[in-house]
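Trainee: I've got this one open on my screen. Can we walk through it together?

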Amino acid sequence: MEKLLTLENVNVSYVNKEKKVYAVRNVSFSIEKGDSLGIVGESGSGKSTLAMALLRLHNENLTEITGKALFSGKNLLEITQEEMNELRWQDISVVFQKAMNALSPVHRIGEQVEDIYHIHVPQASKKEIEERMIKLLKLVNLPERVYRLYPHEMSGGMLQRVAIAVSLLHDPKLVIFDEATTALDVVTQGQILEEVVQMEKEMDMTRIMITHDMSVVAASCNKVAVLYAGELMEVGYVKDIFKNPMHPYTQGLLNSFPSLKGECEVLHAIPGFLPDLSKPSEGCIFAPRCPHADDRCRREKPVQQTMKDTRQVACWLHQGGEENE
Amino acid sequence: MKKISIKKIWKTIVGDKQLLAGVIGLIVLLILALAAPVFATEDPYHFGKDMLVGLGENGHILGTNHMGQDVYSMIIYGIRTSLRVAVISALISGALGVLIGGVGGFFGGKVDTFVSELINVFMMLPSFFLILLIVAMFGNSITNVMIVIGITTWPSNAKLMRAQALSLRERVFVKSARAMGETKRQILFKYIIPNGIFPVIANTTMGMSNAILTEAGLSFLGLGDPGIISWGQMIYTGKQYITSAWWISAFAGVAIVITVLVFYLLGDGLNHVLDPKYSKKRG
Amino acid sequence: MSKEKKIPFVSVKDVAMWYPYHGKSKNKERGEKDWIKAVDGVSIDIERGEILGVIGESGCGKSTLGKILTRLEDPTRGDCLIDGVSTKEMIKKSNKEFRSTVQIVFQNPFDTFTPRDTIEKILLRPLKNYKIGSDDDERRKMCVEALESGGLYPAEDIMKRYPHELSGGQLQRISIIRSMFLNPGFIVADEPVSMLDVSVRADIINMLIDLSKNKGAAVMFISHDIALTRYISEHIAVMYLGRIVEYGTADDVVKNPRHPYTRALISNCASIDPEDKQETISIEGEPPTPLNPGPGCYFAPRCYMACEECYKKYPESIEVGNGHWASCPYAREEM
């Protein structure tokens with residue numbers, strides 16, 4: 001499979017006068033074409049920071065970034081803003097949590113879509129754009145008339161669908177959903193997720209799904225990357241990781257979600273709390289909360305190991321390569 | 001609140017140039033006012049023999065007035081009057097504003113309608129005229145002046161406090177206090193006022209400069225307290241000699257400008273520092 | 001639950017909350033008033049030691065119901081009886097007595113405490129108000145014990161802190177601990193974990209379970225998280241536009257939903273198990289504002305199995321056994 005995006009040792013830290021916060025530390029993974037990768041983590045895991053850095057939407061004066069993010073031969077973290085502007089919408093697009101904030105309240109959806117379209121294809125005719133957009137609206141189960149509505153005439157779920165449709169205008173290679181379904185109701189979220197999965201089958205797109213909700217990942221992704229305190233714990237196929245989580249943090253996280261219809265197992269919280277992100281960590285960052293931590297975990301940072309099922313785990317318990325638990 | 005460290009306060013003050021300038025100015029004014037006898041070269045109430053003496057003559061740094069009083073010493077002692085007027089009238093205005101506005105915003109309903117109308121009525125009153133009237137009726141002692149300034153300037157504080165109370169009322173901690181069975185009075189004094197008072201403090205500090213100006217204005221019109229030394233009065237009496245002895249009015253005027261500026265800087269600086277939006281912007 | 005003449009511990013009787021609507025009224029004759037019916041006739045019982053889950057989408061009135069039951073808002077009609085005593089009367093007689101009987105846990109733990117006081121001050125206040133403990137030293141000791149029993153170490157250190165220095169999970173636990181001081185018989189938990197990180201949710205959930213099982217409190221657990229609600233509660237009530245459309249034991253409602261709305265809701269609920277791919281039932285649109293709903297079934301305009309009759313009269317609730325009922329004429333039919 002062709003690799004679409006490869007991250008190598010990406011570090012993102014926020015710097016201000018007083019301190020430096022290491023929000024993302026040494027994250028490496030890659031996404032193949034056609035993948036849908038869910039990046040999950042709790043607050044402070046750096047998942048949104050990572051996405052913002054990939055899109056170059058962070059505040060450049062306050063952020064320090066090192067490492068590589070190769071996207072069709074270009075390092076997204078180093079190219080100029082102009083080059084990035086070329087890529088945005090065309091090759092990489094994003095859907096945010098609150099779509100209503102991204103749309104102008106005084107213009108019809110159609111007018112805004114035309115503006116966005118013209119940035120990259122100035123010669124496109126109005127009719128062309130309308131046809132394209134209406135096709136996309138159908139994909140997300142919206143009627144044609146939406147094209148002529150104002151944002152305030154629509155509900156949150158409709159707006160979120162519009163945002164998804166707009167993000168697909170130019171057939172981007174990669175779409176990033178940044179908590180795009182978090183603010184929605186259960187039914188709407190379920191339906192949108194299904195539409196997105198359906199759409200992918202037809203459109204051959206690659207998707208990154210940033211969320212804190214494991215069940216969203218289970219429902220809509222084929223791969224998952226688990227972040228904790230800015231570090232990558234485990235990455236691999238959803239079917240492997242959800243069934244047999246190897247990293248203690250992933251195990252803890254999955255234990256915190258009750259099953260919808262299955263057996264009611266006792267829920268366990270992960271004891272302790274997030275470490276101070278302004279200090280560089282020695283040893284495994286999860287060690288203070290980990291039930292299996294020993295001296296070595298506290299001293300040395302575990303290296304990412306590739307397992308038989310292609311997943312990667314950063315944990316000393318699995319250093320041998322292929323052992324069970 | 002008591003535990004906010006001095007270090008943190010110091011950091012905030014130094015971080016905001018306006019506030020820093022205001023605080024330094026205030027400290028200088030306070031030192032001058034408290035230690036006035038040390039800084040003054042003469043007793044300002046002493047009518048000396050040198051009348052209308054120019055700058056630097058006979059040891060009078062800023063000259064003397066028509067009664068032979070030392071202008072420099074009068075200005076130093078005048079700080080006391082101005083600060084007293086500023087602080088006491090601002091306290092009156094602040095306390096009234098916080099209470100009335102807080103009650104209106106927190107209780108809502110008919111109480112709020114009444115308070116809002118009251119605020120509007122007071123805001124529409126030409127306050128300077130009202131002050132003139134009261135001073136004319138009850139005599140021109142400095143106490144009267146302070147009280148009058150206080151009770152005519154509270155509406156702006158009340159407006160601020162009411163707005164704060166209205167939004168605080170919807171906050172979870174106020175609801176949770178209600179759910180814990182705390183009385184309305186407890187909620188008003190322990191939750192609404194302490195959490196909503198900062199904009200009022202900033203506004204009151206700004207109001208102090210207005211109070212100083214109002215007092216000076218009254219004195220200039222001859223309605224000040226004749227028993228004490230005030231800058232407004234100095235300008236008023238110096239007016240007649242403006243062509244021959246300009247220093248009497250001029251330096252008092254400068255003193256007013258500087259003091260007003262100090263309080264303005266202080267108030268505006270506090271406004272910046274205490275405004276949550278502003279502090280967020282600075283990260 | 002046996003249906004003998006026994007008085008249920010908490011009995012919500014036909015509670016409604018209507019807000020007047022002042023906007024443009026549609027298809028209405030002049031003079032008629034428009035109402036937004038946030039809660040429209042809810043009746044439900046909760047026993048001692050029972051946790052009742054209330055689920056529904058945003059705007060279904062579940063939070064308003066919680067506020068009414070804790071009397072943070074006064075209902076337009078209806079009342080809630082606790083141990084046979086009307087809370088309306090109780091609060092009139094003594095606010096404090098009512099508050100110590102009914103407590104609420106709020107959704108946002110970061111805003112539950114005044115930012116200007118330390119945890120110590122915050123915890124001591126209700127103890128002083130209710131004259132629990134003889135002096136401050138004894139009260140302080142009680143606080144330390146309570147914090148430690150809630151898993152908050154080191155308690156002495158936490159007492160000295162301000163709310164913003166603590167995490168959401170810690171604050172929510174303190175919030176429950178504070179409610180516990182008053183020894184309430186009925187606790188409304190309004191989305192108590194939705195703003196918390198997943199890994200600490202279980203602490204709060206287990207605390208609530210402990211409260212109901214060991215202290216015998218009746219708990220109303222309001223949430224939009226169906227899996228979690230099923231985990232914690234014995235019974236689940238599903239709300240739609242201010243009314244309960246289905247009620248039953250947690251397993252019955254989740255595994256065998258009878259109301260079309262519940263069916264759609266549960267089929268759309270993402271499961272943690274990636275292999276549990278279920279057929280989703282799609283319903284159109286999102287819940288509208290409850291502006292003059294009815295006269296038929298409120299869900300009828302979005303329902304995929306509505307018939308003409310559904311638009312005419314609000315359907316009666318049909319029991320399908322084991323206390324499980326749904327307000328739908330098709331409740332008995334399999335899908």
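Trainee: Let's start with a strand pair. In E5(C), which residue is the bridge partner of C:Ile82?

Mentor: Keep in mind that this is a predicted model. Strand E4 of chain C covers residues 77-82, and E4 pairs with E5(C) in the antiparallel sense over two bridges. In E5(C), the residue bridged to C:Ile82 is C:Val85.

Trainee: And which are the edge strands of that open sheet?

Mentor: Read the order across the sheet of four strands in chain C: E2-E1-E4-E5, with antiparallel pairing. An edge strand pairs on one side only. In chain C that gives strand E2 (34-46) and strand E5 (85-86).

Trainee: Now the loop between helix H3 and helix H4 of chain A. Is A:Pro105 in it buried or exposed?

Mentor: That loop runs between H3 (99-102) and H4 (109-120) of chain A. Count the other C-beta atoms within 10 Å of A:Pro105 and you get 9. The cut-off for exposed is 12 or fewer, so A:Pro105 counts as exposed.

Trainee: Leaving aside neighbours within four places in sequence, what is A:Pro105 in contact with?

Mentor: Don't look to A:Met52, which is 53 residues from A:Pro105 in sequence and 25 Å away in space, C-alpha to C-alpha. Contact here takes C-beta atoms within 7 Å. With those sequence neighbours left out, the partners of A:Pro105 are A:Tyr150, A:Pro151 and A:His152.

Trainee: Let's go inside. Which helix gives the most to the largest nonpolar core?

Mentor: That core has 220 residues, and A:Val162, C:Leu208 and C:Phe221 are among those with the most contacts inside it. The top contributor, with eight residues, is helix H8 (198-215) of chain C.

Trainee: How many residues are in the other core, the one with B:Trp247?

Mentor: It lies apart from the largest one, and B:Ile76, B:Val145 and B:Phe220 also belong to it. Nonpolar side chains tend to be buried together in soluble globular proteins. The count for this second core is 45 residues.

Trainee: Last one: on the side of chain A that touches chain C, where does the largest share come from?

Mentor: The contact involves 37 residues of chain A and 33 of chain C. On the chain A side they split into 19 nonpolar, 13 polar and five charged. Helices giving two or more residues there include H8 (214-220) and H10 (248-255) of chain A. The largest share, seven residues, comes from H7(A).

Definitions and conventions
Residues are numbered from 1 along each chain as its sequence is written. Chains are lettered from A and ligands numbered from 1 in the order in which they are written. This is a predicted model: local features need pLDDT of at least 70, side-chain atom pairs count only at pLDDT 80 or more; totals for chains, interfaces and linings use all residues. A residue is buried if 20 or more other C-beta atoms lie within 10 Å of its own, exposed if 12 or fewer, and partly exposed in between; C-beta atoms are placed from the backbone. Two residues are in contact if their C-beta atoms, placed from the backbone, lie within 7 Å. A nonpolar core is a set of buried Ala, Val, Leu, Ile, Met, Phe, Trp, Tyr and Cys residues joined through C-beta atoms within 7 Å. Two strands pair if DSSP finds at least two bridges between them. Ala, Val, Leu, Ile, Met, Phe, Trp, Tyr, Cys and Pro count as nonpolar, Asp, Glu, Lys and Arg as charged, and the others, Gly among them, as polar.
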